[in-house]
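User: Please take a close look at one part of this model, the region around helix 4. I would like a connected account of what it packs against and what lies around it.

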Amino acid sequence: MYKKLSLKILLTFFLILFSGASITHENIPHNIDRSVADKCVEPTDIMRSQHHIFIKQQSHDTVVKGIRTQKYSLNNCINCHIKPSANGTYPSVKSEEHFCSGCHIAAAAQVECFDCHASKPFKKVVEKVKDSE
Ligand code: HEC
Ligand code: HEC
Ligand code: HEC
């Protein structure tokens, strides 16, 4: 409880310190789990501008046409991008620490996918990370 609170205070302090003129995309912590892989499913600049198009297409293909593939699957994004914090828990989708939300909050993008979809990887990913340490 106190740990969580002090973490929040620290985060707030960090945000205040780095807010204002210095909020650019480069300042957003990417929080990428590099122990899983070091490349995205497309080049980074393409992902930055078109990731929403890829996932929405994937959603349509799966839900409407019944085609299921892994590359643009939302679980695939989450498994690679969402890394556990120092205390072993995953950042909440409401937190700036969450790879996707960090940018969506900064860009004021409304993304409601995580009302239904998991915003955190499954446990086996954590175990994999721990094993490799
Ligand atoms: C009301 C609940 C709900 C919301 C909100 C929602 N989805 Fe889905 N989504 C589903 C369900 C149910 C499926 C089918 C699950 C399956 O068969 O895997 C699905 C399937 C998908 C798939 C295909 C499975 C995969 O991951 O490859 C994608 C991609 C996807 N949704 C993306 C999105 C995106 C992007 C948003 C936000 C713009 C979104 N969804 C919002 C319920 C939802
Ligand atoms: C195998 C791991 C992996 C998977 C899977 C993956 N990514 Fe990435 N992604 C990366 C890496 C590594 C980068 C490069 C980040 C950097 O250079 O800081 C990246 C970059 C990005 C960026 C650009 C970030 C920026 O710096 O502007 C976005 C957006 C993104 N990914 C979204 C997604 C989405 C959406 C999915 C699922 C369709 C996905 N990624 C799947 C590893 C992954
Ligand atoms: C580099 C910043 C950045 C990162 C990182 C990022 N996004 Fe986005 N995302 C945006 C922006 C900006 C928009 C609004 C794009 C638009 O509407 O033209 C957006 C829109 C979306 C949408 C469309 C929402 C809708 O309802 O239309 C989805 C889905 C989405 N992002 C998923 C993700 C997922 C999943 C991740 C993490 C794996 C992620 N994004 C990471 C910047 C980012």
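Analyst: Start with confidence. This is a predicted model, with a mean pLDDT of 78 for the protein. Of its residues, 64% reach 70 or more. Residues 9-28 are a weak stretch, with pLDDT below 50. Beyond near neighbours in sequence, that stretch has seven contacts in the model. Where pLDDT is low, the predicted coordinates should not be read in detail.

Next, the overall layout. The protein has five helices and zero strands. Along the sequence the pattern reads α-α-α-α-α. Of the 133 residues in the protein, 12% are buried. Among contacts with a separation of 6 or more, 60% join residues 24 or more positions apart.

Now helix 4 itself. Its span is 99-106. Phe-99, Cys-100 and Ser-101 are buried in this helix. The cover over the buried residues of helix 4 includes helix 3.

Two of those buried residues also belong to a core. Phe-99 and Cys-100 sit in the largest nonpolar core of the protein, which has seven residues in all. The other members are Cys-77, Ile-78, Cys-80, Ile-82 and Tyr-90. Helix 3 and helix 4 each supply at least two residues of this core. Helix 3 gives the most, with three residues. In soluble globular proteins, nonpolar side chains tend to be buried together.

Ile-78 is worth following from that core. Setting aside neighbours within four places in sequence, Ile-78 is in contact with Ala-118, Ser-119, Lys-120 and Pro-121.

Helix 4 also takes part in a ligand shell. Around ligand 3 there are 16 residues. The nearest are His-52, Cys-77, Cys-100, Cys-103 and Ala-109. Helix 2 (44-63), helix 3 (74-81) and helix 4 (99-106) each give two or more residues to this shell. By class, the shell around ligand 3 has 10 nonpolar residues, five polar and one charged. Two names recur here: Cys-77 and Cys-100 are among the nearest residues to ligand 3, and both are members of the largest nonpolar core.

Ligand 1 gives a useful reference. Its shell has 14 residues, of which Ser-59, Thr-62, Ser-73, Cys-113 and Cys-116 come nearest. The elements giving two or more residues there are helix 2 and helix 3. Helix 2 provides the largest share, six residues. By class, the shell around ligand 1 holds five nonpolar, six polar and three charged residues.

Last, the exit from helix 4. Ala-108 comes just after the helix. Ala-108 lies in the loop between helix 4 and helix 5 (123-131). Its phi is positive, about 55°, although Ala-108 is not a glycine. Is Ala-108 buried or exposed? Ala-108 counts as exposed because it has 6 C-beta neighbours inside 10 Å, and the cut-off for exposed is 12 or fewer.

To put the region together: helix 4 has Phe-99, Cys-100 and Ser-101 buried, with helix 3 as part of the cover. Helix 4 shares the largest nonpolar core with helix 3. Both helices also give residues to the shell around ligand 3. Just past helix 4 comes Ala-108, with its positive phi.

Conventions. Residues numbered from 1 in each chain as written. Chains lettered and ligands numbered in written order. Predicted model: local features only at pLDDT ≥ 70, side-chain atom pairs only at ≥ 80, totals over all residues. Near = placed C-beta within 6 Å. Helix = DSSP H or I, 4+ residues; strand = E, 2+ residues; numbered from the N terminus. Nonpolar A, V, L, I, M, F, W, Y, C, P; charged D, E, K, R; others polar. Buried ≥ 20, exposed ≤ 12 C-beta atoms within 10 Å, placed from the backbone. Contact = placed C-beta atoms within 7 Å. Core = buried A, V, L, I, M, F, W, Y, C linked by C-beta atoms within 7 Å. pLDDT = per-residue confidence, 0-100.
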